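Student: I've got a new model open and I'd like to go through it with you. Could we take it piece by piece?

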Amino acid sequence: MLERERLHCVMNGRIPDKVPHFELVFQIPEEAFGLSWLTREEVAAASPKERERAYERWFDINERIMERYKWAAIAAPLDFFGVRKGMLADAKKRLGDRVMVYDWNGDGVFWLMDGDDMMDFSVRMYEQPEDVHRQAREKCEASKLLATRQVDQGADFICINSDFAFNVGPFISPAHFAEFVTPYLTEIVAHIHDLGVKAMLHSDGDLNLIIDQLINSGIDGLQSIDPQGSMDIAEVKARYGDKLFLMGNVHTAKMQSTNEDEIRGFVRYCMRHAKPGGGYILSTSNCIFKGMPLASYHIMLDEYEKYAWY
């Protein structure tokens, strides 16, 4: 099977020949390939010829990630920092025969905010709930329009990247979450399904108090199953494994130390509890972040290869 085929199996309730793998973000291309992602500011300041080279570098890095690390999906934005349209469509054309291509759609609902914004939002939920609902409706409609554009350009699935929780619980109470988030999330997921693709949710933190709401919204998959947020993939798989696919739970913070025994132990735990019966994608509990030793990622993948095959 190609990596794309393996991921397609998982997303559609079938068991592939091997557990697929990808990460939501890869922030250390310098360490891996001697190349760096360009920033929005660098692209904005570049000449047209330099922008074209930057555009090709994006594809070059992703091709290297696909080749070396066997990713099953690549995230591609609709456009390249606002200076070149149709990037997602181009990625689908150039990469889509080997991997699934997706995009982010995270601003359709309320999620974690900065301190001052969170204080204001908390007051408004009590004193101006109708205004909060008005804003929620605006966000929801914008998200649905964005999803339509993403699928029109060829997105194989959409990742709703909305962090709903701290390490000690959701950012608002379960009751407020049920009023101000879940109905709009459910509507967005239904719209994505109407477009003919799957909706995967990314959220760090402790989701235990709201996970039933998330499941009932209709999401097809959940990432990151964050162990720092007391999320145990064995428990989540046992309770919800028949309802959605799971991705993550390899302890990202522990990847910082390059403790080989710990890293291998986390991979084996995920494989032991999440692999049986299908429905699992191996990844860290967040992403391959800047500052993570590349050796830690290589240890994780080495252990994965030992247990990935069905």
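**Walking through the model**

Student: Let's begin at the tail end. Where is Tyr310 found?
Tutor: Keep in mind that this is a predicted model. Tyr310 isn't placed in a helix here; look for it in the segment after α13.

Student: Is Tyr310 buried, partly exposed or exposed?
Tutor: Buried would need under 20% relative accessible area, and exposed would need over 50%. Tyr310 has a relative accessible area of 39%, so it counts as partly exposed.

Student: Which residues does Tyr310 touch, leaving out those up to four places away in sequence?
Tutor: Two of its partners are Lys275 and Gly278. The others form a run: Ile15, Pro16, Asp17, Lys18 and Val19.

Student: How far apart are the C-alpha atoms of Tyr310 and Val123?
Tutor: Along the chain, these two are 187 residues apart. In space, their C-alpha atoms are separated by 51 Å.

Student: On to the inside. Which residues touch the most other members of the largest nonpolar core?
Tutor: That core holds 103 residues. Helix α4, residues 48–69, gives the most to it, with 8 residues. The ones touching the most other members are Phe22, Phe26, Tyr69 and Phe164.

Student: Take Phe22, then. What is it in contact with, leaving aside neighbours within four places in sequence?
Tutor: Its partners include Leu7, Trp71, Ala72 and Ala73. Further along the chain come Tyr102, Phe157, Met200 and Met247. The list ends with Ile281, Leu282 and Ser283.

Student: Back to α4. At roughly what angle do the axes of α4 and α5 cross?
Tutor: Helix α5 covers residues 87–95, and the two axes come within 12 Å. The crossing is right-handed. As for the angle, it is roughly 40°, and that makes α4 oblique to α5.

Student: Which residues meet there, and how do they split by class?
Tutor: From α4 you have Tyr55, Glu56, Trp58, Phe59, Glu63 and Met66, and from α5 Met87, Asp90, Ala91, Arg94 and Leu95. By class, that's 7 nonpolar, no polar and 4 charged residues.

Student: How about α7 and α9: what is their relative orientation, roughly parallel or oblique?
Tutor: The axes of α7 (residues 129–152) and α9 (residues 182–194) come within 10 Å and cross at roughly 15°. Angles under 35 degrees count as roughly parallel. So α7 is, relative to α9, roughly parallel.

Student: What does the contact of α7 with α9 consist of, by class?
Tutor: On the α9 side, Tyr184, Glu187, Ile188, His191 and Ile192 take part. They meet residues in α7 including His133, Arg137, Cys140 and Glu141. The contact divides into 6 nonpolar, 4 polar and 4 charged.

Student: And is α12 roughly parallel or oblique to α13?
Tutor: Helix α12 spans residues 260–274 and α13 spans 294–307, with axes within 9 Å of each other. They cross at roughly 40°, in a right-handed crossing. With that angle, α12 is therefore oblique.

Student: How many charged residues does the contact of α12 with α13 have?
Tutor: Among the α12 residues involved are Glu260, Arg264 and Arg268, and among those in α13 are Asp302, Glu303 and Lys306. Alongside 7 nonpolar residues and 1 polar one, the number of charged residues is 6.

Student: Now some loops. Is Ile225 buried or exposed?
Tutor: Ile225 is in the loop between β7 (221–224) and α11 (233–240). Its phi is near 50°, a positive value in a residue other than glycine. At 1% relative accessibility, it counts as buried.

Student: What is phi of Thr258?
Tutor: You'll find Thr258 in the loop between β8 (245–248) and α12. It is partly exposed, at 30% relative accessible area. Its phi is positive though it isn't glycine, and the value is near 55°.

Student: Last one: how far apart are the C-alpha atoms of Asn208 and Ser230?
Tutor: Asn208 is in the loop between β6 (198–202) and α10 (211–216), and is partly exposed at 33%. Not counting residues up to four places away, it touches Gly229, Ser230 and Met231. Asn208 and Ser230 are 22 residues apart along the chain, and their C-alpha atoms are separated by 8.1 Å.

Terms used: Residues are numbered from 1 along each chain as its sequence is written. This is a predicted model: local features need pLDDT of at least 70, side-chain atom pairs count only at pLDDT 80 or more; totals for chains, interfaces and linings use all residues. Side-chain values use heavy atoms; hydrogens and water are left out. A nonpolar core is a set of buried Ala, Val, Leu, Ile, Met, Phe, Trp, Tyr and Cys residues joined through side-chain atoms within 4.5 Å. Buried means under 20% relative accessible area, exposed over 50%, partly exposed in between (1.4 Å probe, protein chains only). Helices (H or I, at least four residues) and strands (E, at least two) are DSSP runs, numbered from the N terminus. Contact means heavy atoms within 4.5 Å. Axes are lines fitted to C-alpha atoms, for helices over the stretch in contact, and angles run from 0 to 180 degrees between N-to-C directions. Angles under 35 degrees count as roughly parallel, over 145 as roughly antiparallel, 65 to 115 as roughly perpendicular and the rest as oblique. Ala, Val, Leu, Ile, Met, Phe, Trp, Tyr, Cys and Pro count as nonpolar, Asp, Glu, Lys and Arg as charged, and the others, Gly among them, as polar. A crossing is left-handed if the near helix is turned anticlockwise from the far one by less than a right angle, and right-handed if clockwise.
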